[in-house]
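Thank you all for coming. Today I would like to walk you through the empty spaces in one protein, and I will take the open ones before the enclosed ones.

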Amino acid sequence: MASADSQPSVFAFDLYQRSQEDLRTLKSRLPEESVAGLAKEVLLRVAGKSEAFSIEEHAPQIEELCNALIGDDPDAGAAYVRKVLAEGASLEDVYLGYLAGAARMLGKWWENDLASFSEVTIGTSRMYAIMRAMRHLFTSAVQPDTKSAVFAAVPGDTHTLGVRMATDIFNKDGWDIDLKSAQTHDELLAEIVSANAAIIGLSAAGRHSLDALARLVVALRIVNPGAYILVSGQIVNETEDLISIMDVDEVASDIPSGRIALENLWERTQAQTS
């Protein structure tokens, strides 16, 4: 994880605000069940980043952050994080302490009816936007010497011929493509994370895969913030307006545009080492 010398370089507030608007737009186009699924995904993945963090030991600070995240002021949670950063907290403190603790506390509030569905979905959106505002400080844990990527079709997508063909074509082009496949969201996420790839290509056959794609992108952004994500397939043609606000790095609707997109992402991974 990268460090920062000043608050402005750590927290991109304009990106935080844009992320909130993107998430509001995305959720307005999804059914309530899917919105609840995204909220649970954020709570699960963020809370899981620090099982050792004691909510009880830091309860006053964590409760203050939770109240800020679900309160009327949309910028209060971000302001709290900026304040603790300015006071000397490290990015590890923010990610593995404050945000992980807040996710666990909000989850308990939801389970015990101490926070409403609306409050929790608002709070998780703001939490995710906070993490997105600091994503620029992360680089991939791996710096590949050869062109490589992980490809996968989103869970539940039975039309996988396209991603298999793309894997063969890009391997012939000189890429080292590792094709992952799994039946469930959790299984696929575990396979992708274990591959520790700098570039992740996700394929989806159409609009029906939008919910699964959104959930997978959110999870990957939390557990592997340094990776670059490419989305391809028919879904790009059908819902490009929504994919463009999902916090992905490139989109491709066919092999030629996929070649350009992957080359762009490869150049970005190499720029990290220069």
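By a pocket I mean an open set of grid points with protein on both sides within 12 Å along at least five of seven lines, and its lining residues are those that have an atom within 4 Å of a point. Please keep in mind throughout that this is a predicted model.

Let me begin with the second largest pocket, which has a volume of about 210 Å³ and is lined by 13 residues, with Asp157, Thr160, Ser181, Ala182 and Gln183 lying nearest its centre. Two elements, α8 and β2 (176–180), each give two or more residues to this lining, and by class the lining holds six nonpolar, four polar and three charged residues.

The largest pocket has a volume of about 360 Å³, and of the 21 residues that line it, Gly162, Val163, Ser203, Ser232 and Gly233 lie nearest its centre. Which element provides the largest share of that lining? It is α8, with four residues, and the lining as a whole divides into ten nonpolar, ten polar and one charged.

Turning to the enclosed spaces, the structure holds three cavities of 30 Å³ or more, and the largest cavity has a volume of about 70 Å³. Its lining includes Tyr95, Met131, Arg132, Arg221 and Asp247, and α7 (117–133) supplies the largest share, three residues, while α10 (210–223) also supplies at least two. The residues lining this cavity divide into five nonpolar, no polar and four charged.

Terms used
Residues numbered from 1 in each chain as written. Predicted model: local features only at pLDDT ≥ 70, side-chain atom pairs only at ≥ 80, totals over all residues. Heavy atoms only, no water. 1 Å grid on protein atoms, 1.4 Å probe; cavity = no way out; pocket = protein on both sides within 12 Å on 5 of 7 lines; lining within 4 Å. Points joined across faces, edges and corners; volume = space filled by probe spheres on them. Nonpolar A, V, L, I, M, F, W, Y, C, P; charged D, E, K, R; others polar.
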